[in-house]
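Here is a short report on one protein model. It covers the cavities, the cores and a few backbone details.

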Amino acid sequence: MERKLNITAKNERIDDFLKRLSQEAGCVFSYSPSAIDVTKSISGKFSNQPLREILENVFENQVEIKQKGNYVILSPKSSLDKGVVVSGYVVDETTKKGIRDVTIYDPITLKSTNTDEFGFFELTVKNPSLEEVELVINKRDYTDTLVVNDINNPFQKILLKTSQVDMEEIGKTIAKPLKDFWLWTKNSVGFTNLENVSDTIHRGFQMSIIPFVGTNRKLSGNVVNDYSLNILGGFSGGTNKLEFGGLFNLNKGNVKSVQVAGLLNQVSGTVKGIQLAGLSNAVLDSVNAGQVAGLVNFNKGNVKGFQLAGLMNLVASDFGGFQLAGLANYTNREVKGVQMASLLNVGRNVKGTQIGLFNYADSLQGAQIGLISFVRKGYHQVEIGSDEMLPLNVSLRSGTRSFYNMLFAGMRTNNSDSTTWAFGYGIGISPSLGKKTALNIELSSQQLNKGNVSALNLVNRLYIGMEFRLARKIHFYAGPSINLRVFDSSYNDHPLLFTYTNPTIISENSVPSENLATQFWIGGRAGFRFF
């Protein structure tokens, strides 16, 4: 059908012409003389034209042409009530060669098709009451074209002009790595239409079963909907008000208001409103919304709002608001607000609070609360000192002077084989009083043990002291402390509180029903800090 031929006819009967044409084309024509009038005479010169185009001209677009093996079957076209069949070739205006994968669609019904490897297309348009049919022709790197077809002459040869390609604008379109995820295959019809059609179409409502199988058909990636219902999943140009997907929602553009999916929401543009997903929300642009996901929220752009995730929140840019995750929060740049996770919080420049087992920030204006908290450009000291209970204590202090965390341990050798030791955690502040002096206010709690940890024996302490800089990265500290011991009164093998000092116990109380007792005294601490 696409073999190009050179043949001439002059007042020649059609049936005689078909015999010569079959010899030139190397095919056999099959038709019913009672259905097709082949007694008419034709004249014409056909130069370097495909067999299909020659036949369309000979029969004046009134014959349906099909190929089966070596046979070319000719039959009358069906009546108009079934629609207008528009067909033809799309060719490059300069090279005169057919262009494959061109998108042709009806802007009213959104029914579409694509050209084959020879540039041929065929599209049925259900507009029998109209005298003319409008089709939109789109191809990447070519100028968009609007074609108006006379329904009495539906075979067309359409010339497309090349257009200048703006590489910067192409780079701003939907991120290429995600196209393969959004579309079943890179060579799918929907993908071709997405690249070819630059126009954005608006619809009030759409429904789809899977991507490209729905009311917006194969142009769904170019349609922005107010309301969108995806039975299993869908792909659209964007959503203005509400989108619901049984499994997933995929959007090339922006999403506003509400988006709900059983598994996944993925948006290439911005999101304003709320996203709810059973597994994951993924957004490539900025978010000004609330995101709730069973596992992960991922955002490439800036985020303002709140994020709740069963596993992890990931933000590649800035975050402002509240992050809560079952495992971890990670923000690559600035955090303004609160990060709370059971295991790990990470932010570059944090202006707010991090609460988790482990916290990390490059810089911090606020507080970190956790077992291990580290600020790269913050306050870090190693402390070695003594108190009234233990002659040797070592502490790691990390955070900022406005709020830091302490991990510490201490020990005391006994005359017996056992060793008294302690471990604990605390928080504190250290405002500067001068160039070489600072005030320390600290709250801490430590478990005091003899041998193994056998029973409750907590010493809770409020310390207020002074710190003096002796040299660069060397400091001396000293100050009094108020201590409250809470211990298990039913256990008889607690270590002695004091062996080398003798503070006075100011008060003692017990709660026999709970097997608890308390002791209160005033003590002190002193030692050196480094770094």
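A cavity is a set of points, on a 1 Å grid over the protein atoms alone, where a 1.4 Å probe fits but cannot get out. Grid points are joined across faces, edges and corners, and a volume is the space filled by probe spheres set on the points. The model is predicted: local features need pLDDT of at least 70, side-chain atom pairs count only at pLDDT 80 or more, and totals for chains, interfaces and linings use all residues. Residues are numbered from 1 along each chain as its sequence is written, and side-chain values use heavy atoms, with hydrogens and water left out.

**Cavities**

The whole structure holds three cavities of 30 Å³ or more. The largest encloses about 150 Å³. Its lining comprises 15 residues, and those closest to the centre are Glu383, Asn393, Phe408, Arg461 and Arg525. Lining residues have an atom within 4 Å of a point. Strands β33 (379-387), β34 (392-400), β35 (403-413) and β37 (437-450) each give two or more residues to this lining. Strands here are DSSP runs of E, at least two residues long, and helices are runs of H or I, at least four long, numbered from the N terminus. β33 is the top contributor, with four residues.

The second largest cavity has a volume of about 60 Å³. Of its 13 lining residues, Asn449, Lys450, Ser454, Tyr491 and His494 lie nearest the centre. β37 supplies the largest share of that lining, four residues.

The table gives the lining by class. Ala, Val, Leu, Ile, Met, Phe, Trp, Tyr, Cys and Pro count as nonpolar, Asp, Glu, Lys and Arg as charged, and the others, Gly among them, as polar.

| Cavity | Nonpolar | Polar | Charged |
|---|---|---|---|
| Largest cavity | four residues | six residues | five residues |
| Second largest cavity | five residues | six residues | two residues |

**Overall make-up**

The protein has five helices and 41 strands. Of its 531 residues, 45% are buried. Buried means under 20% relative accessible area, exposed means over 50%, and partly exposed lies in between (1.4 Å probe, protein chains only). The protein exposes about 25,900 Å², and carbon and sulfur atoms supply 57% of that area. Accessible areas come from the Shrake-Rupley method with a 1.4 Å probe; for residues, only the protein chains shown count as cover. Among contacts with a separation of 6 or more, 38% join residues 24 or more positions apart. A contact means heavy atoms within 4.5 Å.

**Nonpolar cores**

In soluble globular proteins, nonpolar side chains tend to be buried together. A nonpolar core is a set of buried Ala, Val, Leu, Ile, Met, Phe, Trp, Tyr and Cys residues joined through side-chain atoms within 4.5 Å.

Which residues of the largest core touch the most other members? They are Leu21, Leu51, Leu55 and Leu74, out of 24 residues. Elements giving two or more residues are β1 (4-13), α1 (14-25), β3 (41-50), α2, β4 (63-68) and β5 (71-76). α1 gives the most, five residues.

Leucine 51 touches Met1, Arg3, Leu5, Leu21, Ala25, Cys27, Phe29 and Val72, leaving aside residues up to four places away in sequence. A second, separate core has 15 residues, including Val84, Val86, Val133 and Tyr142.

Helix α2 (residues 51-58) is mostly covered, with seven of eight residues buried. These are Leu51, Arg52, Glu53, Ile54, Leu55, Glu56 and Val58.

**Backbone details**

Most residues other than glycine have a negative phi, and most peptide bonds are trans. Glutamate 60, just after α2, takes a positive phi of about 55 degrees. Aspartate 101 is not a glycine either, yet has a positive phi of about 60 degrees. Aspartate 101 sits in the loop between β6 (84-92) and β7 (103-105). Its relative accessible area is 28%, so aspartate 101 is partly exposed. Serine 257, in strand β19 (residues 255-261), has a positive phi of about 75 degrees. Serine 257 is partly exposed at 33% relative accessible area.

**Phenylalanine 358**

Phenylalanine 358 lies in strand β30 (residues 358-364). Its relative accessible area of 30% makes it partly exposed. Its C-alpha atom is separated by 4.7 Å from that of leucine 344, 14 residues apart along the chain. Phenylalanine 358 touches Leu343, Leu344, Asn345 and Ile372, not counting residues up to four places away in sequence.

Conventions: 1 Å grid on protein atoms, 1.4 Å probe; cavity = no way out; pocket = protein on both sides within 12 Å on 5 of 7 lines; lining within 4 Å.
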